Amino acid sequence: MSSFLSASIGRKVFMSVTGLFLILFLSLHLTLNLFLIFDDSGNLFNQAAHFMETNPMIRIMEPLLALGFIIHIIWAAVLTYNNMKARPQKYESGDQLLSWWAPSKNMFILGSMILAFLVLHIFNFWVKLKITGDPLLDYPAGSNVEMLNTYNLVSNLFINYPIYDLIYVIAGLLVGLHISHGFWSAFQTIGLNNINWMKRLKCLANIIGIIFAIGFAAIPIYFLLKF
Amino acid sequence: MADKILSKIHVKVWRQNNPKSKGKFETYTIENISQGNSFLEMMDILNDQLIREGKDPVAFDHDCREGICGSCSLYINGHAHGPDSQVTTCQLHMRKFHEGQTITVEPWRVGAFPVIKDVMVDRSAFEKIQQAGGFISVNTGGAPDGNTILISQLDAEEAMDAATCIGCGACAATCKNSSAMLFLAAKVSHFAKLPQGQVEAKTRAKSMYAKMDELGFGACSNTGACELACPKSISITHIARLNREYLKA
Ligand code: HEM
Ligand code: SF4
Ligand code: FES
């Protein structure tokens, strides 16, 4: 096992498994977030947030998710460092084969920007929900169970702070780009790929990337335009 | 049709006296190069000119000059083996260049392939990977009848495709991580697809992998650049098979 962990392929398998797990999480996250724009009363989204808050399965998954992120990020840093070390001297004429913006060439940069966003994102919502509380979170009127008005917190940010709208739209695009390579790359890394599946997986990766980018970007844009 | 003559081109080439020295680029101007010349013939003409001027000729690797030995390792204008696809440097022609162009010629920049002199690198790291597992230890005897062991057409084709790897190193030279994965995958696939390769199947991928890491090649980010740079168009699907073989073992 220790040789597996120290081998470059072993690390990549961890990257790939954690990456796929993160994609799974993001799918759920996006689905629930879209409730934000399908019910302007906020009731649907508050119900969903309440469900996430109280469901024991989800409570178990939360630390696992944090662990997934941590493993993914640490191995990303180690791998990228070793990969850079493998080419001590750069080419004067550069790389003219792949375009400079190709996601596959920029996974660490994309990932680092996602990480920076993630920190901000946690401060925007998670910290207020879990630790500090916020007057905006006061229980919504007329609901029969006690639940936080998460909708209020989110919509307030997106309606009143256009700079956050911009940041959240960009973050959506970054995640989309990261996944447009990451998704098929993860299958390739664990050996689940061949000539026929290569095309399908790459196509699927682009579709998922586009859905994530548009889906996440749509939410702040909706609040900006609607209110 | 007669080939066009390039009345003047400039070659900006890496000069380095020995593995330890620092090295730098020098630019030389060459006149009257036919576009029908191969790139290496152009390099010969450059060296002839340098020798006449009493200068040290540029050391570059070459042998077969027909795309099968894999030694002509030059990185030209941002492309391993130059701007043409599916060819080695020796198969590249001056038709791909234009009048007055400055052509940048660099050695493979791979930590595990140290520069010996100028644009000539030491690719013996690939041999070490090959020695770590790229062999079979069963005695296959003399040339057997083609039908004694039946192999599906598809398997035979894939094994043959993988076997076309000439070990040129363009994959590692192009990869942003200097990873030798495509080379490794070609070698592992070649054996994994044939019955003769099964005896060591459990250990082959693992030991070749370990050797690659040990020699300081990077990991695979699946950028696919290697496949595009490979003169033999070896597919990165072989890398998926390599990973599968590794995880099975
Ligand atoms: C929302 C979060 C994220 C998701 C869904 C995600 C997903 C993925 C997936 C599926 C892969 C492909 C794994 C493989 O090639 O085997 C990947 C690769 C990668 N990720 Fe992430 N990732 C996320 C966040 C991050 C973060 C925060 C970083 C931090 C720096 C990061 C850095 C990387 C790097 C460097 C690679 C490429 C590794 C390589 O192949 O060399 N990712 N990611
Ligand atoms: S895989 Fe292709 S590029 Fe790499 S060494 Fe073999 S022939 Fe050269
Ligand atoms: S000199 Fe043999 S492949 Fe180019």
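This is a short tour of the interface between chain A and chain B, followed by two cavities.

The model is predicted, so local features need pLDDT of at least 70 and side-chain atom pairs count only at pLDDT 80 or more, while totals for chains, interfaces and linings use all residues. Residues are numbered from 1 along each chain as its sequence is written, chains are lettered from A in the order in which they are written, and side-chain values use heavy atoms, without hydrogens or water.

**Stop 1: the interface.** Select the 35 residues of chain A in contact with 45 residues of chain B (contact means heavy atoms within 4.5 Å). About 3200 Å² is buried between the two chains, 55% of it from carbon and sulfur atoms; this is the accessible area (1.4 Å probe) lost on putting the two parts together, summed over both. Now highlight A:R87, A:Y91 and A:L97, which lose the most area on the chain A side, together 19% of what that side buries.

**Stop 2: the salt bridge.** Show the side chains of A:E92 and B:K12, which meet at 2.7 Å, N to O. A salt bridge here is a side-chain nitrogen of Lys or Arg within 4 Å of a carboxyl oxygen of Asp or Glu, and the count between these chains is 1.

**Stop 3: the cavities.** Move on to B:C175, B:C220, B:T223, B:G224 and B:C226, which lie nearest the centre of the largest cavity. A cavity is a set of points on a 1 Å grid over the protein atoms alone where a 1.4 Å probe fits but cannot get out, and lining residues have an atom within 4 Å of a point. The largest cavity holds about 120 Å³, a volume being the space filled by probe spheres set on the points, which are joined across faces, edges and corners. Finish at B:C165, B:C168, B:C171, B:C230 and B:I234, nearest the centre of the second largest cavity, with about 90 Å³ of space.

Definitions and conventions: 1 Å grid on protein atoms, 1.4 Å probe; cavity = no way out; pocket = protein on both sides within 12 Å on 5 of 7 lines; lining within 4 Å.
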